[in-house]
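User: Could you walk me through this one? I'd like to know how each label was earned.

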Amino acid sequence: MGQGKCNLLVLPSVDSTNTYAKQNFSTLPDGMVIAAVEQTAGRGRLGRKWVTSPDTSLTASAVLKNIRKPFHAGVVVGLAGLELIREYLPDQFVFFKWPNDIYIREKKIAGVLSEGVLQNRQLAGVVSGIGINVNQSADEMALLENPAVSMCAASGQKFFLEKLRFELAEKIKKYYIIYQSHPDSVLDLWREENRLIGENLFVVLPDSTVKQGCFAAIGDDGEMILKMPDGKYFHFDCGDVKIDVSLINFNLLSNNYKQK
Ligand code: BT5
């Protein structure tokens with residue numbers, strides 16, 4: 001185990017950085033980022049798996065003790081991840097797919113898992129973990145059940161993970177500090193980077209019901225607001241957005257994004 005500069009702790013191998021951060025929550029300082037070279041039992045939302053081979057990607061969790069609403073933790077960590085990926089892939093169309101995935105067009109490059117931590121039955125804070133695909137080959141990404149991409153598969157280049165880990169921790173620190181003084185500016189930026197707002201999407205709810213509609217907005221509690229074909233609005237805070245490439249004009253979205 002090695003304590004890097006500033007707020008980063010890098011573990012050589014761990015089951016899940018989120019589990020480690022939750023188990024050590026009371027002794028870890030606020031803002032600490034726990035990263036792992038190898039993660040043996042990475043977790044996604046709703047009991048799903050986050051799949052990575054050793055030393056090919058970023059797996060890291062932030063310990064956040066000053067969060068106003070639980071979903072804000074994923075906003076802080078997600079924005080850090082988005083900015084990092086963008087810096088290295090300036091020519092790609094990189095955006096948030098609600099609730100907190102990062103996509104390049106129709107493929108997932110990163111996912112965020114936020115978990116509340118209770119102490120004496122009260123919310124003591126949130127552990128928010130991010131997995132970013134970095135040096136996996138396109139062939140390795142194709143083995144996953146859903147469309148996925150890595151920074152390497154998107155660009156043909158390999159990246160220096162140690163540097164990326166450090167930069168991710170720095171960006172989490174930066175967004176966490178801005179969030180403390182200007183939470184609305186961080187939340188507004190997160191909404192703006194949800195570039196599928198206005199698009200027609202399918203949403204699969206946890207009970208497997210599928211809803212189709214227009215992604216109208218994101219509400220005050222981070223919930224997705226879908227405008228249904230009958231004009232009614234449907235709010236939900238959990239679900240999986242499915243991208244149907246025939247419904248979304250990625251070239252147009254991507255051009256609008258580059259012009260900004
Ligand atoms: C997520 O869940 O996307 C949250 C992933 C969070 C991973 C980080 S790594 C550091 C920290 N420690 C942990 O244990 N977890 C966090 P969800 O939206 O439920 O997506 C999971 C689904 O993504 C899986 O069911 C697969 O379909 C897909 N998937 C699994 N591994 C993937 C990968 N490497 N790249 C892209 N998609 C993947």
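Analyst: Let's start with the word pocket: on a 1 Å grid over the protein atoms alone, it is an open set of points with protein on both sides within 12 Å along at least five of seven lines. A molecule sits in a pocket if more than half of its atoms lie within 2 Å of its grid points. The ligand passes that test for the largest pocket. Keep in mind that this is a predicted model, where local features need pLDDT of at least 70, side-chain atom pairs count only at pLDDT 80 or more, and totals for chains, interfaces and linings use all residues. Residues are numbered from 1 along each chain as its sequence is written, and side-chain values use heavy atoms, leaving out hydrogens and water.

User: Which residues around the ligand come nearest?

Analyst: A residue is near if one of its heavy atoms lies within 4 Å. There are 28 such residues around the ligand, and S16, R43, R48, V51 and K108 come nearest.

User: What makes the S16 side chain a polar contact of the ligand?

Analyst: The cut-off is a pair of N or O atoms within 3.5 Å. A polar side-chain atom of S16 is 2.7 Å from a ligand oxygen, so by that rule the pair counts. K108 also has a polar side-chain atom 2.7 Å from an oxygen of the ligand, while Q39 reaches a ligand nitrogen at 2.9 Å. On its own the ligand has 800 Å² of accessible area (Shrake-Rupley method, 1.4 Å probe), and the protein covers 97% of that.

User: How do you know that the protein agrees with a compact globule?

Analyst: The radius of gyration, taken over C-alpha atoms, is set against 2.2 Å times the number of residues to the power 0.38. For 260 residues the rule gives a value near 18 Å, and the protein has 18 Å, so the two agree. Its C-alpha trace spans about 55 × 45 × 35 Å along the principal axes.

User: Why is the peptide bond from W98 to P99 called cis?

Analyst: Look at omega: it is near 5 degrees for that bond.

Key: Polar contact = N/O pair within 3.5 Å; in protein donor to acceptor, adjacent residues only side chain to side chain. 1 Å grid on protein atoms, 1.4 Å probe; cavity = no way out; pocket = protein on both sides within 12 Å on 5 of 7 lines; lining within 4 Å.
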